[in-house]
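Below are some notes on the model you sent, set out as numbered points. Please read them with the coordinates open.

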Amino acid sequence: MSDRDIMEYDVVTVGAGPAGLAFAIRLKQLDPDIRVCVIEKASTVGAQILSGAVIEPEPLNELLPEWGKNPPPICVPVTKDEFWFLRDATRATKSPMTPPQMHNHGNFIVSLGALCAWLAPHAEALGVEI
């Protein structure tokens with residue numbers, strides 16, 4: 001047998017996306033002694049996450065209560081909602097009303113890549129290895 005490095009962890013999560021990082025952070029918050037590792041295939045956290053999203057702040061409030069004092073980059077409060085019907089490649093009609101389930105008041109528009117890059121140091125500060 002060849003000599004190999006061995007790293008032992010209690011929990012290993014694959015992927016440093018929002019869910020993987022939030023999972024690792026919550027585990028360390030619940031049990032600081034647990035050994036947690038997040039495996040990421042990209043060269044840096046967030047490098048392969050290109051999409052944006054509208055997120056509700058409540059989960060971040062529960063995970064990191066002070067997050068609003070130093071929000072992630074590219075985190076913009078939603079200021080208005082519009083709902084459009086796309087007719088074809090060149091025509092669209094604005095709806096007079098936005099359906100209630102599409103209201104985003106109080107939510108934030110974020111870059112998921114930037115959100116993940118912002119979450120990673122929070123995880124590492126708790127002792128998560130990425």
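What covers the buried residues of α3? The points below take this up, on the understanding that the model is predicted.

1. Cover of α3. The elements over the buried residues of this helix include α1, β3 (52–55), α2 (58–63) and β7 (108–111). The buried residues in α3 are Leu112, Gly113, Ala114, Leu115, Cys116, Trp118, Leu119, Ala120 and Ala123.

2. Dimensions of α3. The helix has 14 residues, and the distance from its first C-alpha to its last is 20 Å. That is close to the 20 Å expected at 1.5 Å a residue. Just after α3, glycine 127 has a positive phi of about 105°.

3. Packing of α1 on α3. The axes of α1 (residues 18–30) and α3 (residues 112–125) come within 9 Å of each other and cross at roughly 20°. An angle under 35 degrees counts as roughly parallel, and the two helices are therefore described as roughly parallel to each other. The crossing of α1 past α3 is left-handed.

4. Residues at the α1 and α3 contact. From α1, the participants are Pro18, Leu21 and Ile25; from α3, they are Leu112, Cys116, Leu119, Ala120, His122 and Ala123. By class, the contact has 8 nonpolar residues, 1 polar and no charged. Among the α3 participants, Leu112, Cys116, Leu119, Ala120 and Ala123 are also listed as buried.

5. Proline 72. This residue lies in the loop between α2 and β4 (75–77). Its relative accessible area is 4%, so proline 72 is buried, the cut-off being under 20%. Setting aside residues up to four places away in sequence, proline 72 touches Trp67, Leu115 and Trp118. Of these, Leu115 and Trp118 appear among the buried residues of α3. Proline 72 and tryptophan 118 are 46 residues apart in sequence, with their C-alpha atoms 5.7 Å apart in space.

6. Isoleucine 74. The loop between α2 and β4 also holds isoleucine 74. Is isoleucine 74 buried or exposed? At 57% relative accessibility, isoleucine 74 counts as exposed. Its phi is near 55°, a positive value in a residue other than glycine. Most residues other than glycine have a negative phi. Please look at the backbone of isoleucine 74 with this value in mind.

7. Asparagine 107. The loop between β6 (92–94) and β7 contains asparagine 107. With a relative accessibility of 10%, asparagine 107 counts as buried. Which residues does asparagine 107 touch, not counting residues up to four places away in sequence? They are Val54, Ile55, Glu56, Pro57, Val76, Pro77 and Val78.

8. Valine 54. This residue lies in strand β3, and at 43% relative accessibility valine 54 counts as partly exposed. Leaving aside neighbours within four places in sequence, valine 54 is in contact with Val78, Asn104, Asn107, Phe108 and Ile109. Val78 is a contact of asparagine 107 too. The C-alpha atoms of valine 54 and cysteine 116 are separated by 14 Å, the two residues being 62 apart along the chain.

9. Tyrosine 9. This residue is placed in the segment before β1 (11–14). Not counting residues up to four places away in sequence, tyrosine 9 touches Arg35, Val36, Cys37 and Glu129. The C-alpha atoms of tyrosine 9 and isoleucine 34 are separated by 7.9 Å, and these two residues are 25 apart along the chain.

Notes: Residues are numbered from 1 along each chain as its sequence is written. This is a predicted model: local features need pLDDT of at least 70, side-chain atom pairs count only at pLDDT 80 or more; totals for chains, interfaces and linings use all residues. Side-chain values use heavy atoms; hydrogens and water are left out. Axes are lines fitted to C-alpha atoms, for helices over the stretch in contact, and angles run from 0 to 180 degrees between N-to-C directions. Helices (H or I, at least four residues) and strands (E, at least two) are DSSP runs, numbered from the N terminus. Angles under 35 degrees count as roughly parallel, over 145 as roughly antiparallel, 65 to 115 as roughly perpendicular and the rest as oblique. A crossing is left-handed if the near helix is turned anticlockwise from the far one by less than a right angle, and right-handed if clockwise. Contact means heavy atoms within 4.5 Å. Ala, Val, Leu, Ile, Met, Phe, Trp, Tyr, Cys and Pro count as nonpolar, Asp, Glu, Lys and Arg as charged, and the others, Gly among them, as polar. The expected span of a helix is 1.5 Å times one less than its number of residues. Buried means under 20% relative accessible area, exposed over 50%, partly exposed in between (1.4 Å probe, protein chains only).
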